[in-house]
Amino acid sequence: MADQLQEAPVGAGMVDAVNAPTDDFETAPRDTRLTLAHIMSAHDTNLLGTVHGGVIMKFVDDAAGTAAARYSGGPAVTASMDEMLFLAPVRVGDVVTVKAQVNWAGRTSMEVGCRVETTRWDDLSDPVHVATAYLVMVAVDGEGKPRGVRELQPRTREEQRRFREATIRREHRLARREAILRSREQG
Ligand SMILES: CC(C)(COP(=O)(O)OP(=O)(O)OC[C@H]1O[C@@H](n2cnc3c(N)ncnc32)[C@H](O)[C@@H]1OP(=O)(O)O)[C@@H](O)C(=O)NCCC(=O)NCCS
């Protein structure tokens, strides 16, 4: 219930939250949501016997790339992935799900948020939160050059919060890139 309330559009009731209309011109973050699921096997393990972090990162990249491609109506490449914290190990027999959503869109780039969860393959216990990551994806044309994307319309309070926080992360990424470039010019 708390989640449903959080997702309710600003100024709208619960029924509207469920049946909120979307049109061709305004895409909301919720329209871009997708979930990818994989079951982990022995092929995915590292020397310790748990699942390799790189396997999970690939799933995240796949999910973010798909969300960005759908949103932008064509290919999108990974420009960056923020720090990714692994909160719990993933084991053989775990069903790994990656939930992805476009949080923010600019001229040609998009920030996609990904949440990784696991459940055991043979019981109904609650999902375990394994990792969260934010990726910058850039829509590209056939020559690999950035191409424009449509405007994103965050509607719910939760979507607006994510949009604002994505803007803060973007400012930090660009400021860091700028500072490094300046430092190289000076050195
Ligand atoms: C991503 C790429 C297309 C950007 O090309 P570019 O010529 O630098 O393009 P621009 O400088 O115009 O940047 C395009 C957008 O990406 C954003 N961007 C680029 N690098 C970024 C970074 N490190 N962090 C945040 N945003 C970034 C820019 O702010 C801009 O966003 P906007 O148009 O929404 O304002 C290019 O660097 C590339 O092809 N990289 C390789 C991608 C790849 O192959 N990924 C898979 C690795 S295996």
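Here is a short tour of this structure, from its overall layout to a few single residues.

**The big picture**

Keep in mind that this is a predicted model. The chain has 4 helices and 6 strands, and starting from the N terminus they come in the order α-α-β-α-β-β-β-β-β-α. Of the chain's 187 residues, 27% count as buried. If you take the contacts between residues with a separation of 6 or more, 71% of them involve residues 24 or more positions apart.

**The core**

Let's look inside. The largest nonpolar core holds 34 residues, and Val-60, Ala-64, Ala-68, Met-110, Val-112, Cys-114 and Met-137 have the most contacts inside it. Helix H3 (53–72) and strands E4 (94–105), E5 (109–120) and E6 (128–139) each supply at least two residues of this core. The top contributor is E6, with 9 residues. As background, nonpolar side chains tend to be buried together in soluble globular proteins.

Cys-114 gives you a feel for the packing. Leaving out residues up to four places away in sequence, Cys-114 touches Val-60, Ala-63, Ala-64, Val-98, Lys-99, Ala-100, Thr-132, Ala-133 and Leu-135.

**Strand E6 and its partners**

Why is E6 described as largely enclosed by the rest of the structure? Because 9 of its 12 residues are buried. E6 also pairs with other strands, as this table shows.

| Strand paired with E6 | Sense | Bridges | An opposite pair |
|---|---|---|---|
| E2 | antiparallel | 5 bridges | Ala-76 and Ala-139 |
| E3 (residues 85–86) | antiparallel | 2 bridges | Leu-85 and Thr-132 |
| E5 | antiparallel | 10 bridges | Glu-117 and His-129 |

Thr-132 turns up twice here: it stands opposite Leu-85, and it is one of the residues that Cys-114 touches.

**Around the ligand**

Which residues are closest to the ligand? They are Val-77, Gly-106, Arg-107, Thr-108 and Ser-109, out of 16 residues that surround it. Strand E2 (76–81), E6 and helix H4 (157–186) each give two or more residues to this shell. E2 has the largest share, with 4 residues. By type, the shell divides into 7 nonpolar, 6 polar and 3 charged residues.

**Helix H4**

H4 has 30 residues and reaches 44 Å from its first C-alpha to its last, close to the 44 Å expected at 1.5 Å a residue. Is H4 largely covered or hardly covered? Hardly: 3 of its 30 residues are buried, namely Glu-159, Arg-162 and Ala-166. E4 and E5 are among the elements that cover those buried residues.

**Two residues to look at**

Met-57 sits in helix H3. It counts as partly exposed because it has 17 other C-beta atoms within 10 Å, while a buried residue needs 20 or more. Met-57 and Met-84 lie 27 residues apart in sequence, yet their C-alpha atoms are 8.5 Å apart in space.

Thr-50 belongs to the loop between strand E1 (34–39) and H3. Thr-50 is partly exposed too, because 17 other C-beta atoms lie within 10 Å. From Thr-50 to Val-92 you count 42 residues along the sequence, but 6.9 Å in space, C-alpha to C-alpha. Setting aside neighbours within four places in sequence, Thr-50 is in contact with Thr-45, Pro-89, Val-90 and Arg-91.

Terms used:
Residues are numbered from 1 along each chain as its sequence is written. This is a predicted model: local features need pLDDT of at least 70, side-chain atom pairs count only at pLDDT 80 or more; totals for chains, interfaces and linings use all residues. A nonpolar core is a set of buried Ala, Val, Leu, Ile, Met, Phe, Trp, Tyr and Cys residues joined through C-beta atoms within 7 Å. Two residues are in contact if their C-beta atoms, placed from the backbone, lie within 7 Å. A residue is near a molecule or strand if its C-beta atom, placed from the backbone, lies within 6 Å of it. Ala, Val, Leu, Ile, Met, Phe, Trp, Tyr, Cys and Pro count as nonpolar, Asp, Glu, Lys and Arg as charged, and the others, Gly among them, as polar. The expected span of a helix is 1.5 Å times one less than its number of residues. Two strands pair if DSSP finds at least two bridges between them.
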